[in-house]
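Subject: Handover of a structure and the findings so far

Dear colleague,

Please find below the structure that I am handing over to you. A summary of what was found in it follows.

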Amino acid sequence: MLVIILTLMLAQMMAAIEGTVVSTALPTIIGDLGRRDLYTWVFTSYFIASTSTTPLWGKLSDLWGRKSLFQAAIVIFMGGSVLAGLSSGMTMLIVFRAIQGLGAGGLFTLSMAILADVLSPRERGRYQGYMGGIFALATILGPLAGGLLVDYAHWRWVFFMVLPLGGISLVMSVTHLELAFTRREARVDYTGAGLLVVWVIAIILAMELGGDSWDWVSAPSIALLAAGVGGVALFVVQQRQATEAILPPRLFRFRLFNISCVIQFIAGAAMLSAGIFGPLFLQVVTDVNATRSGLLLVPMMLGMLLTSVSAGQVLTRTGRYKAVPIFGAGVLTLGVWLM
């Protein structure tokens, strides 16, 4: 069990580090490759790919097994990392970051799915707390490592640095990750997956480019928003009709599921906003170097590490969970307001 958990932690750490390591390195990368107007696209492409493919990874693993897809996600992520490190222009970097994001979507999804397969519900709180702690630790190390590599080596190493983690995790998954699985005949909802990708990309592009590349009230903005809203409507209809839905509508009948999704969305938005734009503000506005900008993010990540692990312990020992997100939401609101 410990080897399985360690394998999952290493893989998730690899993906989590790459989600934030670029933040402190990107001002230097832009200085080298140019195109400051594409700054946010280095993150946007990563998160579009990981977000839009997350349900598909989960569904395919239900049908074909977790182990092989987990290994495929590691290989895809490592391949994207190598290509990103070899980029000679911002457009190339953005495309290769999307490949990284494709692998990251699989790693995040399958890590939690495998945990659920091998642990009882009562034990999941503790180990998900550990996984959350690893994510927080990775987000601490990411900006700090990015700053150090930029100041004392080269920005390309921010992509190469995760390869040893991926290699170890891949080997351990081959030798120790034995999961019971019974193959069954089923159909994959490729139409639903395609619609999911379409509406996610359309809405994110509208938010990203509106008011910048073109006016909010303009033909491109309206067309993208219309495509996003229309895609959502078609996706909902498709999910109601599909026998093997990517995102089963029955999940939204559960109040706990809906509330959990909203809480995770808000917490993720707050963390990523600070983690992505904090280093840019610190380096460009307050004129600190990359290493110091990474260090200045450490307190936020240490708080995440502490509460993630301790919350998991509380859930496992008491079996009560309601107070944890209430407390966390209150502290998050206060912290964002003060920041």
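I begin with methionine 304, which has its place in helix 12, spanning residues 298-318. Please bear in mind throughout that this is a predicted model. Methionine 304 counts as partly exposed because its relative accessibility is 22%. Between the C-alpha atoms of methionine 304 and threonine 7 there are 22 Å, and the two residues stand 297 residues apart along the chain.

Two further residues may be described in the same manner. Isoleucine 266 is found in helix 10, which covers residues 255-285. With a relative accessible area of 48%, isoleucine 266 is partly exposed; the limit above which a residue counts as exposed is 50%. Isoleucine 266 and threonine 286 are 20 residues apart in sequence, and their C-alpha atoms are 27 Å apart in space.

Tyrosine 152 belongs to helix 5, made up of residues 121-152. At 68% relative accessibility, tyrosine 152 counts as exposed. Its C-alpha atom is separated by 33 Å from that of leucine 338, a residue 186 places away along the chain.

I turn next to helix 2, which runs over residues 41-64 and contains threonine 53. Threonine 44 is found in helix 2 as well. Is threonine 53 buried or exposed? Threonine 53 is buried, since its relative accessible area is 12% and the cut-off for a buried residue is under 20%. The side chain of threonine 53 reaches the backbone oxygen of alanine 49 at a distance of 2.6 Å. Leaving out residues up to four places away in sequence, threonine 53 touches Leu102 and Gly105.

Threonine 44, at 10% relative accessibility, likewise counts as buried. Apart from its neighbours within four places in sequence, threonine 44 is in contact with Ile204 and Glu208. Glu208 appears again among the residues that line the second largest pocket.

That pocket holds about 170 Å³ of space. Which residues line the second largest pocket? The lining consists of Arg36, Asp37, Leu38, Tyr39, Thr40, Trp41, Glu208, Leu209, Asp212, Ser213 and Phe277. Sorted by class, these are 5 nonpolar, 4 charged and 2 polar residues.

Finally, I come to the aromatic rings. How many aromatic pairs does a search of the whole structure find? The search finds 5 aromatic pairs. One of them joins tryptophan 155 and phenylalanine 159 in an edge-to-face arrangement, with 6.4 Å from centre to centre and 90° between the planes. Tryptophan 155 and phenylalanine 159 are both buried.

Another pair is formed by tryptophan 199 and phenylalanine 235; this pair is tilted, with 6.3 Å between the centres and 55° between the planes. Tryptophan 199 lies in helix 8 (residues 190-209) and phenylalanine 235 in helix 9 (residues 219-241), so the pair ties together parts that are 36 residues apart in sequence. Tryptophan 199 counts as partly exposed because its relative accessibility is 22%, whereas phenylalanine 235, at 7%, counts as buried.

In going through the structure, you may wish to start from the two threonines of helix 2, threonine 53 and threonine 44, and then move on to the pocket lining that includes Glu208.

With kind regards

Methods: Residues are numbered from 1 along each chain as its sequence is written. This is a predicted model: local features need pLDDT of at least 70, side-chain atom pairs count only at pLDDT 80 or more; totals for chains, interfaces and linings use all residues. Side-chain values use heavy atoms; hydrogens and water are left out. Helices (H or I, at least four residues) and strands (E, at least two) are DSSP runs, numbered from the N terminus. Buried means under 20% relative accessible area, exposed over 50%, partly exposed in between (1.4 Å probe, protein chains only). A polar contact is a pair of N or O atoms within 3.5 Å; within protein, one must be able to donate a hydrogen and the other to accept it, and residues adjacent in sequence count only if both atoms are side-chain atoms. Contact means heavy atoms within 4.5 Å. On a 1 Å grid over the protein atoms alone, a cavity is a set of points where a 1.4 Å probe fits but cannot get out, and a pocket is an open set with protein on both sides within 12 Å along at least five of seven lines; lining residues have an atom within 4 Å of a point. Grid points are joined across faces, edges and corners, and a volume is the space filled by probe spheres set on the points. Ala, Val, Leu, Ile, Met, Phe, Trp, Tyr, Cys and Pro count as nonpolar, Asp, Glu, Lys and Arg as charged, and the others, Gly among them, as polar. Rings of Phe, Tyr and Trp (its six-membered ring) pair if their centres lie within 6.5 Å; planes under 30 degrees apart count as stacked, over 60 as edge-to-face and the rest as tilted.
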